[in-house]
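The report below describes a protein model, going from its strands and their pairing to its aromatic rings, its surface and its backbone geometry.

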Amino acid sequence: MEGVTFNDIIFKINEPYLFSHQNNCQHLLMIRDMRLHCISDNIHKEDNIYPKTVYSWRYVRYKCSMCMIYPAEYMTMNDILSGFSPCYFCSKCFTPFHFDEHGEQVGYFDWIPYNGN
């Protein structure tokens, strides 16, 4: 892959691509616009360095509000037991905190699966 250039890759506008490097570092990128250089582009100016980053999406992933160790997989709202709304739970904390030994819900709360925002 060291010899691959942008000329060798066929990109599609507004399609997600996974950029992977150093064996395990992965970045999601999306090309929103492309254009060719023209004579009026001064490629020696510092502000005309290409490719340009024009938008950087910040991915936020909360940790479990109870153990603060594992990534959250559930988000609860109107949860009086947790003390927070919304409150984030990993799979290890969610079930024992909200359901009894018979699988019955303890207290009233709304919840949804959480995959980051």
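## Strand pairing and local geometry

In this predicted model, strand E3 (residues 74-77) and strand E5 (residues 110-113) are paired in the antiparallel sense over four bridges. Strand E3 also runs antiparallel to strand E4 (residues 87-89), to which three bridges join it. Met75 can be followed on both sides of this arrangement, since its bridge partner in E4 is Tyr88, while in E5 it stands opposite Ile112. As a general point, the side chains of a regular strand alternate between the two faces of the sheet.

These strands belong to a protein chain that has one helix and five strands, and the order along the sequence is β-β-β-β-α-β. Of the contacts in the chain with a separation of 6 or more, 33% are accounted for by residues 24 or more positions apart.

**Aromatic rings.** The structure holds twelve aromatic pairs. One of them is formed by Phe89 and Phe97, whose ring centres are 5.4 Å apart and whose planes make an angle of 40°, which gives a tilted pair. The pair counts as tilted because its angle of 40° is neither under 30 degrees, as stacked rings require, nor over 60, as edge-to-face rings require. The two residues can also be described by their accessibility: Phe89 has 0% relative accessibility and therefore counts as buried, whereas Phe97, with a relative accessible area of 30%, is partly exposed. Phe89 and Phe97 are also members of one aromatic cluster, which they form together with Tyr74, Phe94, Phe99, Phe109 and Trp111.

**Surface.** How much of the protein chain is made up of buried residues? Buried residues make up 15% of its 117 residues, and the accessible surface of the chain comes to about 10,000 Å², with 56% of that surface belonging to carbon and sulfur atoms. A nonpolar patch on the surface is formed by Leu28, Val54, Tyr55, Trp57 and Tyr59, which together have about 650 Å² of accessible area. Within this patch, Leu28 has its place in strand E2 (residues 25-30), and it counts as exposed because its relative accessibility of 55% is over the 50% cut-off.

**Backbone geometry.** The peptide bond that leads from Ser85 to Pro86 is cis, with omega near 0°, and Pro86 is found in the loop between E3 and E4, the two strands that are joined by three bridges. Two further residues, Asn14 and Met68, have a positive phi although neither is a glycine, and they are set out in the table.

| Residue | Phi | Location | Relative accessible area |
|---|---|---|---|
| Asn14 | about 60° | segment before strand E1 (16-21) | 46%, partly exposed |
| Met68 | about 60° | loop between E2 and E3 | 53%, exposed |

Does Met68 count as buried or exposed, and in which loop does it lie? Met68 lies in the loop between E2 and E3, and at 53% relative accessibility it counts as exposed. Asn14, which lies in the segment before strand E1, is partly exposed because its relative accessible area of 46% falls between the cut-offs of 20% and 50%.

Notes
Residues numbered from 1 in each chain as written. Predicted model: local features only at pLDDT ≥ 70, side-chain atom pairs only at ≥ 80, totals over all residues. Heavy atoms only, no water. Phe/Tyr/Trp six-rings, centres within 6.5 Å; stacked < 30°, edge-to-face > 60°. Buried < 20%, exposed > 50% of the residue type's maximum accessible area, 1.4 Å probe, protein only. Contact = heavy atoms within 4.5 Å. Areas by Shrake-Rupley, 256 points an atom, 1.4 Å probe, with all protein chains shown as cover. Patch = residues over 30% accessible without salt bridge, like charges linked within 9 Å, V, L, I, M, F, W, Y side chains within 5 Å. Salt bridge = Lys/Arg side-chain N within 4 Å of Asp/Glu carboxyl O. Pairing = 2+ DSSP bridges.
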